[in-house]
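Student: I would like a close look at one part of this model and at how that part fits with the rest. Please take me through it slowly, with the cut-offs as you go.

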Amino acid sequence: MGRMSLYKYKLLRQALVRYERAKQSKETYYVSEVARGSRGRGFGADIGREVHKALWGLDPEVILSTEEVSLPFPLAWRFRFGWLMGVADLVTFKNAVPTGVVEVKSYNAIKKYEATQASLYGLLVMLNFAVRPRVYVKIPGNIVEVEDWESLALQALRYVA
């Protein structure tokens, strides 16, 4: 494994370790809750977490050995207020570097909540991998890039901190 591949492997591994630590913490905020501006544990959020758990069987080798791949990816970062965590619907990796985040919705509306949720995943990718990904929300028949996602993410974090 070359130096660059080893570096990318370490970044992937550390991201997964952070996610596991966040799962064990009592100070955990889920992206979906922060995007909504609450710390509630609604029925929809529980279903979403269960779906992600069932889908997620991540093997970092797939990311390292494939030129381009998009897959659900677990993300977490520790802030002063606690852990922010969630599983992004899709993170696109090109040569093991994340370049995009896509929040997939089954309904036809993109409101502030959907854009904020995608933005928080973009922030988690940026913090974990030291890259600035493009951030999108995908609805049936359309994909929309979230402009100025950093501001949306930081605004959402103000309500938690």
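Tutor: Happy to! Two strands pair if DSSP finds at least two bridges between them, and the elements themselves are DSSP runs numbered from the N terminus, with at least four residues (H or I) for a helix and at least two (E) for a strand. This is a predicted model, in which local features need pLDDT of at least 70 and side-chain atom pairs count only at pLDDT 80 or more, while totals for chains, interfaces and linings use all residues. Residues are numbered from 1 along each chain as its sequence is written, and side-chain values use heavy atoms, leaving out hydrogens and water.

Let us set the scene before we zoom in on helix H5. The protein has 6 helices and 6 strands, and from the N terminus on they follow the order α-β-α-α-α-β-β-β-α-β-β-α. Of its 161 residues, 47% are buried, where buried means under 20% relative accessible area, exposed over 50%, and partly exposed in between, using a 1.4 Å probe on protein chains only. Taking contact to mean heavy atoms within 4.5 Å, residues 24 or more positions apart account for 61% of the contacts with a separation of 6 or more.

Now for H5 itself, which covers residues 112-129. The expected span of a helix is 1.5 Å times one less than its number of residues; for the 18 residues of H5 that gives 26 Å, and the end C-alpha atoms, 25 Å apart, agree with it. Because 15 of those 18 residues are buried, H5 is largely enclosed by the rest of the structure.

What encloses it comes into view through the nonpolar core, defined as a set of buried Ala, Val, Leu, Ile, Met, Phe, Trp, Tyr and Cys residues joined through side-chain atoms within 4.5 Å. The largest such core has 41 residues, and Phe73, Leu84, Phe93, Leu120 and Phe129 have the most contacts inside it. Two or more residues come from each of helix H1 (3-24), helix H2 (31-36), strand S2 (68-79), strand S3 (82-94), H5, strand S5 (134-139) and helix H6 (149-158). H5 supplies the largest share, 9 residues. At the end of the helix, Phe129 touches Leu11, Leu12, Ala15, Phe73, Leu75, Phe93 and Pro98, leaving aside its neighbours within four places in sequence. A second, separate core of 7 residues includes Tyr19, Tyr30, Trp83 and Met85.

Two of the contributors, S2 and S3, form a hairpin with 2 residues between them. They pair in the antiparallel sense over 11 bridges, with Ser70 standing opposite Thr92 in S3. After S3, in the loop that leads to strand S4 (97-104), comes Asn95. Asn95 has a positive phi of about 50° although it is not a glycine, and at 45% relative accessibility it counts as partly exposed.

The chain leaving H5 has a similar feature to look for: Ala130, just after the helix, takes a positive phi of about 55°. Most residues other than glycine have a negative phi. Ala130 lies in the loop between H5 and S5 and, at 66% relative accessibility, counts as exposed.

That loop takes us to S5, where Val137 is found. At 1% relative accessibility, Val137 counts as buried. Its contacts, again leaving aside neighbours within four places in sequence, include Glu114, Ala115 and Ala118, along with Ile110 and Ile143. Val137 and Ile110 are 27 residues apart in sequence, yet 7.4 Å apart in space, C-alpha to C-alpha. S5 also runs antiparallel to strand S6 (residues 142-145), joined by 4 bridges, and Lys138 has Ile143 as its bridge partner in S6. In this hairpin, which has 2 residues between the strands, Gly141 takes a positive phi near 80°.

One last stop is Tyr113, whose ring face has Arg36 lying over it, 4.3 Å from the ring centre. The criterion for a charge over a ring is NZ of Lys or CZ of Arg within 6 Å of the ring centre and within 35 degrees of the ring normal. Arg158 does likewise with Tyr159, its charged end sitting over the ring at 5.8 Å from the centre.
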